[in-house]
Structures are given as structure tokens and as C-alpha cells.
2 protein chains.
Amino acid sequence: MALIVQKFGGTSVGTVERIEQVADKVKKFREAGDDLVVVLSAMSGETNRLIELAKKITDQPVPRELDVIVSTGEQVTIALLAMALIKRGIPAVSYTGNQVRILTDSAHNKARILQIDDQKIRGDLKAGRVVVVAGFQGVDEHGNITTLGRGGSDTTGVALAAALKADECQIYTDVDGVYTTDPRVVAQAQRLDKITFEEMLEMASLGSKVLQIRAVEFAGKYNVPLRVLHSFQEGPGTLITIDEEESMEQPIISGIAFNRDEAKLTIRGVPDTPGVAFKILGPISAANIEVDMIVQNVSHDNTTDFTFTVHRNDYDKAHKVLETTAKELTAREVVGDTNIAKVSIVGVGMRSHAGVASRMFEALAKENINIQMISTSEIKVSVVIEEKYLELAVRALHTAFELDAPARQGE
Amino acid sequence: MALIVQKFGGTSVGTVERIEQVADKVKKFREAGDDLVVVLSAMSGETNRLIELAKKITDQPVPRELDVIVSTGEQVTIALLAMALIKRGIPAVSYTGNQVRILTDSAHNKARILQIDDQKIRGDLKAGRVVVVAGFQGVDEHGNITTLGRGGSDTTGVALAAALKADECQIYTDVDGVYTTDPRVVAQAQRLDKITFEEMLEMASLGSKVLQIRAVEFAGKYNVPLRVLHSFQEGPGTLITIDEEESMEQPIISGIAFNRDEAKLTIRGVPDTPGVAFKILGPISAANIEVDMIVQNVSHDNTTDFTFTVHRNDYDKAHKVLETTAKELTAREVVGDTNIAKVSIVGVGMRSHAGVASRMFEALAKENINIQMISTSEIKVSVVIEEKYLELAVRALHTAFELDAPARQGE
């Protein structure tokens, strides 16, 4: 008998019919003898509807009051599911974040969980009840309702699993697991049975948006086994867990991630003095622009070229900031490019395998794809290439690292 | 500087535009220097929408879970109004029933308020904030969300006013006060400046559905001055208060109430033995049918006729129950009539005036209206008449008791 936390997102509870389907699934697990805590999001579209309502009153809703409104979305779904379970003869009870209670800080609209009281839930589980908890919300020490920010239901699920020392936290989504790369780009992409937290973090931040990054970090920190599954299809999904002793069979890389949302900016001919990186990125950061890859070329004639990538939406803003900085630093010029894509190979296996990066570069060279930037970490190598080569690059790398599904290799 | 509790119903907060209008009104009071606690209902239609949602899952929603869903309606309006006030530069904060906290018993869907913690609200008022409270809801000692039942927001308003010892509880509605009778029936009906709690109770239960009976009872018990006002029109409304020393000018009766929702049932030729009333009404009550007027005629040949009225919706059910009882009691027959109406004159003034009832009967006799049943209390005389005479009877009584508006008397 296991203790499982199951989280269903907005699409999975988007209609009454879907809530009934979720109830069927929960019932199946319960009848198999598992203790269950179910975390729900609001019905898909409901959170937006509530925010729009608030925006009709004011463009800048007071964060505290916005949380009071928005938190009603999950409050409705949890009670509906509890009803649906009770109708099926499964004892169940619903709790809001306040009722659990899920204590957070007071950062309304983006609160962080500080502590979870597991007493009530343990009592209910002991009494044979399924506990249905509102995701995405909590309460601060003064009793104010808080929300964790968009997608925070994943975090609620993981935090509950950690607090209850659950055997597994299952995140139900509209995909049946984590793939070696996007199956829309590479038909031979394969579902991974297992992936480490670190790999998942690199995959997630690079564009495989299956799970909230924060939830994966949380799960890694507290070592909560996380499983990504399809809400309405059967299947084992993908288990995200710690990096157990590396077996011989471990693949070198687990997946190919990519991202088309970035743009590249280069400041050329910057006098190469200590602190120049800060002088360039300080104003960017002050303008609230997130920077992803950063590359500084070796100095040449006492000047250097400094390149970084930002989200495409921030490109114009970043360009302006950089123009000002360029004048102050007497740099030669600022150039930029929005037609780029980032492709990354990710895998804990590369730690123990030399030559992974060069194998990547070789595969790209074979396809005549020029590499504009390179950035490496312990379990990831990322390159920036021209956007139009993205699909070609991903397919080439998928094959080069032997990730293609065997059954389909003949296609 | 007064402390005022203001309650706005579902129609008054039915749209964002109306919530803005409520904010304007609250701002006006605040700027006049009053301390304000505002109690809100859900947007009109929202509570029904939420109940319908629950009914899609199950015909018999678990009461605890239904309260979790339904209570979200007010949670949305309170935060919207708080936002609208803050936008106007009026510091404000919203509280759910749980946050206040409004402690109730655990009778989900029809809970009763046990206690209100006034600490938080007093702190906010002291700090110059308008406090916006969700009506209709509370929390039981175990932290379960409860609702007070339909229309319970009036009760929340009065209970808060009592707990805070407010100077006045203002109930904003879609009428500008309590009238001597329904203006749709009698054009000369007048708005009353003042009415006693007792009179209001008799008026309310008889069909002038301005206020929840429970709220009036509550207000009377704790002597909370209650004022009925129009949400979007200016005017003094009607003050409902205790019966202060009777002045010379006090009118004999305050208003004419009426009701078309009842039906009459008579069991004829019942052997007149002790306990016969209970034998007749016991089974009716056991079938969950509310009885209003009850008349038992004097015994004749050791049998008696026993007549009572019920809501028309319960007529068929009551008739069946009565048929069974009639057989058991060897009564002669059961007859009934659904084409009846009840007309009542209400007024604390009749206590000190003799002949009020006969003046009523005289006025009806002049119009050739036959009286089928009579029932009297200290401050009320009710008669049952044929339904088609209702308007005629109300107009005749309104004139006979000098309630017609002087300005319009020439009409």
C-alpha cells in the first residue's frame, strides 16, 4: 500500500465530464489499496476569466485581493471532485490551501510555500478518505489567502508529497511522459522511462514544457519521486528521480531540447577591463531582462566581443539598453539577431563520457549547420544556430546520439 | 462619526459596473467620516450557476462540499469591491467568513452564526480601512466552510452590526423602503419612515419580501437599528427599530400585507376528542409541510371542523396526508381550496386601540367580500378571502385605515 499524491491540471478538470473521468481514475487507485491525496488546478480558462473580471475594475488589481478572487477557481474543482468520489462510494473530503493549511510567505500572486501542516490529511487518510487539495494556493501567517503564481499546482503537489513523505508524486498532463525530444519535430522520439531531476531541469528550462521548473527543483531537493503521466491514457509515464548509481546501460544523453524563443545580442569592441561583464549585464538585469546564454570571446587588441541571448520579447528593450552601455564603454557597435534557435543535448551520462561535445559538433557539421554560440555545463551542451536549421539539427542529433526509436528506425 | 454596516445584495453587485456604483456610494459615506463594514452577496445568478455545476456531478451534492463551492461566489465580489475602493483611494480589505472569523454551527447549507470575532475588523477600522465581508458564509469549529442558506447575507450584516455594536445596519435592496402595502396593488401606498421589528416580522412573513425574516429577528433580539434603502437611488429608506414610547400620532396600523401562495384545507366532522388537533397536524408536520393559519370551529354534535392553510406547492401532498388521517379519525370528509388569498393588517398601534378588527371586517363587508377564515395576534389581524377579491380588499383596507398618500388622494 503506497501513499501517492496525484496532481491534475486545468485541462484534466476542464469540464464536469473530465472531473468524472478523474474520479474514475482516482477510484481505481484507491481500490488497488493506495492512500491518495489529489491536488487540482482550476478548470481551464477559469483563472483567466477571474483575472479578466478583476481587470475590468482596475488595470492593476491589488495583489492581495486578486489572490482572494483567483483562489476560488480551485475551490470549485476540489469540491466537485470530492462530490464525484463520494457519488462513487469513495469517502473523500476537500481542503483549500487555508484549510490544509499550506503556510506561505506573503508575496501575493507568487508566494512560496514555507510549511505544510500534515495533521488533518493524515487523519483523513487513516480514516480511509481520499483528500482533495486545492493547488496553487496557500495562506500567510496573518490568514491572508495567497497564490503561488501560474502553474503553481505542480509545486503544491510536490510540496505535499514531501511533507507527507509520499511514495510518489504523479503529475497528470496532456502528454504521456517526457520524450527524448519533441515528437512533432522528430517522429522517432521516444518516451523516457526514467530521467534524473537535473536532466529534467535542463530539459524543462530549454523548452520541453511538461512540468513547472520550480516543482522539479522542489522534488529534487526533497527527493520526491515524480512521475509524469497522461490524464486519460493508460501508461507508465516517465519517472523523474535521483541519479542512482550509473549503470553500464545508461545512455550518454537523455534528450535533445530546443528553444525558438530567444534572440542574440552582441556588443563588439568593448575595451577589455576588469568588471566589463558586470558593466554590460548590470543595466540589462536592472531593466528586468532575463539573460540566458552568455559568451565572451578572448580578448583581441585589448578589446573583446560580448554576446548573450534574451527572450525575443525583450529584444528591443535589451537592444536599447545595450546601445547606451556601448556609448559609455566606447564600444565599437551593437549587433543583434532574432532568427536564431538554441539546441541542447542533455544527459547525466555525458559526465563519464569524453567527446560528447565534439560528437555533437560533428553531427551538425555533417549537415553544414554553422554554430554561432556554444555554452556547456556538466550535463548539457547548448549551441545557437540559425533558426531555419532547427528541425534538421534536432533530427541529426537525435540520430547521432542513438535516440531514435528502434521500431521506427526503418521509416 | 458613526459605525455603519452596509449590506448589498446580488443585484446590487450583479455586474462590474454595479460594483463600481456601490464603491461610489461607500466612498461617499467614508468621506462623510463614517466607519464602514460592507457585507456583500454573490453576483446575482452566480450562486445558482455554482449549484447547477454541482448538480451536474450529482443530484444530491454532499452539503459540506456544496458549501465549499457556493461560498466562492461572495469571495469574488468582496475582492472586486475592495479593489474598486482602493482604486478610489479608499483603503479597504476583504475578508471571507473564515477570515473574519464568523463561527457557525456545522449545519451545512443552513448554518447558524454562533459567534463573530470582531478583533480583525476593529483593527482595520482603526487603521482607517473599509472592511468588506463575504455575506452568507462562515466556518465551523473544525474549519469547515459553511453557508447560512439562501439570503443569509442579511443575517451576516445584522450579526456583524450586533457584534460591532454598530450604530446602524443598512440593507440595500431594489426598493426604497418598506411600504404600507404593495404599490403595484395600491397606487397610494406610502413609504414608511419607521416600523417596529415586530411589525416588520409580520409584514415579511406575510409577503412583503424586503428582508429575510431571520435577519429581522436577529436585529430585534440584539436591538440593531435596521434600515432598508435603495441601492442606486437616494433617500432615507425605512428604519426598522424597537417600539419606542408610543406617541399620540402613531398610526393604528402600519401596513397591509397579503399573500397569494396559500391553499386551504378543511377536515369536516371530526369527533371532538382531546388531542384531535395534534392527530391532524402531527402527520402534516411529519411530512415536512409548514402550516400557517389554523382555525378550529366550535364543536357541534360532538364533531368539529378543522381548517388550516399551507403553501400551494404543498397542497396535493397535504391533501393526501389528510385523507389518511380522516379515515383514521372517522371524519366526514376533506375539502380544500386553492383559490384563496390572505390579507392582513399589521400594526403595534392596534394594541392600544379597540375595534380594529371590526373596522377591518366592516371595510370588507362594504365591498361584499366574504371572509372565510380569521386569525388574530396582538399586532395583526389576518383574513382569508376568495383570491379574486384580493386587490379590492387591499385597496379598501388601505383607505379605511387612512394609509393612502395625501398627495395622491385626489387621484
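Is Arg88(A) buried or exposed? Arg88(A) is buried, with a relative accessible area of 19%, a value that falls under the 20% cut-off for that class. Please keep in mind that this is a predicted model as you go through the views below.

**View 1. Arg88(A) pairs with Asp24(A) in a salt bridge.** In this close-up, the closest N and O atoms of Asp24(A) and Arg88(A) are 2.7 Å apart. Asp24(A) sits in helix α1 of chain A and Arg88(A) in the loop between α4 (72-87) and β3 (92-95), so the pair ties together parts that are 64 residues apart in sequence. While Arg88(A) is buried, Asp24(A) is partly exposed, at a relative accessible area of 40%. Look around the pair, too: Glu20(A), Asp24(A), Lys87(A) and Arg88(A) are linked in a network of salt bridges.

**View 2. Lys7(A) and Asp154(A) form a buried salt bridge.** Their side chains meet at 2.8 Å, N to O. Lys7(A) belongs to strand β1 of chain A and Asp154(A) to helix α7 (residues 153-163), so this bridge ties together parts that are 147 residues apart in sequence. Both residues are buried. Lys7(A) is also one of the residues covered by the UniProt annotation "binding site", which comes from an unreviewed entry.

**View 3. Glu202(A) and Lys380(A) meet in a salt bridge.** Here the N to O distance is 3.4 Å. Glu202(A) lies in helix α8 (residues 197-205) and Lys380(A) in strand β20 (residues 380-386) of chain A, so the pair ties together parts that are 178 residues apart in sequence. Glu202(A) is buried, with a relative accessible area of 17%, and Lys380(A) also counts as buried, at 13%. For the wider picture, the structure holds 43 salt bridges over all chains.

**View 4. Gly9(A) and Arg184(A) are among the residues annotated as "binding site" in the unreviewed UniProt entry.** That record also covers residues including Phe8(A), Gly10(A), Thr173(A), Asp174(A), Tyr179(A), Lys209(A) and Val210(A). Gly9(A) is found in the loop between β1 (3-8) and α1 (16-31) of chain A. It counts as buried, at 10% relative accessibility. Setting aside residues up to four places away in sequence, Gly9(A) touches Ser41(A) and Tyr172(A). Now turn to Arg184(A), in the loop between β9 (168-173) and β10 (194-196) of chain A. Arg184(A) counts as exposed, at 75% relative accessibility.

**View 5. Chain A meets chain B, with 43 residues of chain A in contact with 43 residues of chain B.** The area buried between the two chains is about 3,100 Å², and carbon and sulfur atoms give 67% of it. The rule finds zero salt bridges across this interface, but there are twelve residue pairs in polar contact between chain A and chain B. On the side of chain A that touches chain B, the elements giving two or more residues are α1, α2 (46-57), α3 (63-70), α4, β3 and α5 (97-100). Among these, α4(A) gives the most, with eleven residues. By class, this side of chain A has 24 nonpolar, eleven polar and eight charged residues.

Notes
Residues numbered from 1 in each chain as written. Chains lettered and ligands numbered in written order. Predicted model: local features only at pLDDT ≥ 70, side-chain atom pairs only at ≥ 80, totals over all residues. Heavy atoms only, no water. UniProt positions renumbered as here; feature names shortened; annotations may be inferred. Helix = DSSP H or I, 4+ residues; strand = E, 2+ residues; numbered from the N terminus. Buried < 20%, exposed > 50% of the residue type's maximum accessible area, 1.4 Å probe, protein only. Contact = heavy atoms within 4.5 Å. Salt bridge = Lys/Arg side-chain N within 4 Å of Asp/Glu carboxyl O. Buried area = accessible area lost by both parts, 1.4 Å probe. Polar contact = N/O pair within 3.5 Å; in protein donor to acceptor, adjacent residues only side chain to side chain. Nonpolar A, V, L, I, M, F, W, Y, C, P; charged D, E, K, R; others polar.
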